[in-house]
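Let's take a walk through this one together, moving from the strands to the charged pairs and then out to the surface.

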Amino acid sequence: KIYGKNDRYSKYMTPEAYEESYNMETTMVGIGVVIAISEDGYLVVEDVAAGPAASAGIKVGDRFIAVDGVDVDGYFPAELGELIRGEEGTRVKIDVLRGEEKISFNIRREKVRVSDVSSEIIDEKIGYIKLNQFGGINSFIDFMAVYDEFEQKEVNTIILDLRNNPGGSFDCFVNLFLVVHILVISLYDFLYNF
């Protein structure tokens, strides 16, 4: 009962539910969306991978209302993900709110690769990396690929966004922490000796 009482972002999950919900696999059967909680507490599309959702016309910012007729108000992203995933080739009905318009999609589930890492270059020297969860070796590899790309393009400032990141693989966290820590120390040494 204590969870969620004073913090809308808190909710108790059993270890079994957590393991099922926060799957470390980057390839899964679903529609290819990343789900987040908006500032006003609604479940929204945060990112759309190449796949069924993108083909159907789902867009970033769409607010989830229902999945197969189940009202998802009060659900957490992991719980919504469980409803959306299913057997390859089966269909799922997704109802969203886009602005004031209610839109329904009937989408065929497919194997999709969803990266835990998304990024963009904000201007010539500032890069942005969003890490949705510490999803094991694939998250680390994707992070390093983005970092290498930023380095080649001479991006010298990185904003690392961990909002809505529920955690995940401890090894992935440690590896990323070491990389970021080394970068910060290198930058400090450079500035100190400049």
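Before we look at any sheet pairing, here is the rule: two strands count as paired if DSSP finds at least two bridges between them. Keep in mind too that what you have in front of you is a predicted model.

With that rule in hand, go to strand 6, which covers residues 91-98. Its partner is strand 7, residues 101-108. The two run antiparallel, and eight bridges join them. If you want one place to see the pairing residue by residue, find Val96: across from it, in strand 7, stands Ile103. Now follow the chain from one strand to the other. Strand 6 and strand 7 make a hairpin, with two residues between them. Gly99 sits in that turn, and its phi is positive, at about 70 degrees.

A positive phi is worth a pause, because most residues other than glycine have a negative one. Which non-glycine residue in the loop between strand 4 and strand 5 should you look up, then? That would be Asp68, in the loop between strand 4 (63-67) and strand 5 (70-71). Asp68 has a positive phi of about 50 degrees without being a glycine. Its relative accessibility is 45%, so Asp68 counts as partly exposed. Glu154 is another case, with a positive phi of about 60 degrees, and again this is not a glycine. You'll find Glu154 in the loop that runs between helix 4 (137-152) and strand 11 (157-161). Here the relative accessibility comes to 52%, so Glu154 counts as exposed.

On to the charged side chains. How many salt bridges does the count come to? Six. One of them pairs Asp95 with Lys93, and their closest N and O atoms are 3.6 Å apart. Is Asp95 buried or exposed? Asp95 is buried, because its relative accessibility is just 5%, and the cut-off for buried is under 20%. Lys93, at 38%, counts as partly exposed.

Another of these bridges brings together the side chains of Glu110 and Arg108, at 4.0 Å from N to O. Glu110 is partly exposed, with a relative accessible area of 31%, and Arg108 is partly exposed as well, at 40%. A further bridge links Glu149 to Lys153, with the closest N and O atoms 3.1 Å apart. Glu149 has a relative accessible area of 33%, so it is partly exposed; for Lys153 the value is 49%, which also means partly exposed.

What about the rings? Arg63 lies over the face of Tyr42, 3.5 Å from the ring centre. If you go looking for aromatic pairs, though, a search of the whole structure turns up zero.

Let's finish on the outside. Which residues form the nonpolar patch on the surface? They are Phe170, Phe173, Phe177 and Leu178, and together they have about 430 Å² of accessible area. Take Phe173 as a way in: this residue belongs to helix 5, which spans residues 170-193. Phe173 has 37% relative accessibility, so it counts as partly exposed. That also fits the patch rule, because patch members need over 30% relative accessible area.

Terms used:
Residues are numbered from 1 along each chain as its sequence is written. This is a predicted model: local features need pLDDT of at least 70, side-chain atom pairs count only at pLDDT 80 or more; totals for chains, interfaces and linings use all residues. Side-chain values use heavy atoms; hydrogens and water are left out. Patches are made of residues with over 30% relative accessible area and no salt bridge: like charges are joined within 9 Å, nonpolar side chains (Val, Leu, Ile, Met, Phe, Trp, Tyr) within 5 Å. Accessible areas come from the Shrake-Rupley method with a 1.4 Å probe; for residues, only the protein chains shown count as cover. Helices (H or I, at least four residues) and strands (E, at least two) are DSSP runs, numbered from the N terminus. Buried means under 20% relative accessible area, exposed over 50%, partly exposed in between (1.4 Å probe, protein chains only). Rings of Phe, Tyr and Trp (its six-membered ring) pair if their centres lie within 6.5 Å; planes under 30 degrees apart count as stacked, over 60 as edge-to-face and the rest as tilted. A charge sits over a ring if NZ of Lys or CZ of Arg is within 6 Å of the ring centre and within 35 degrees of the ring normal.
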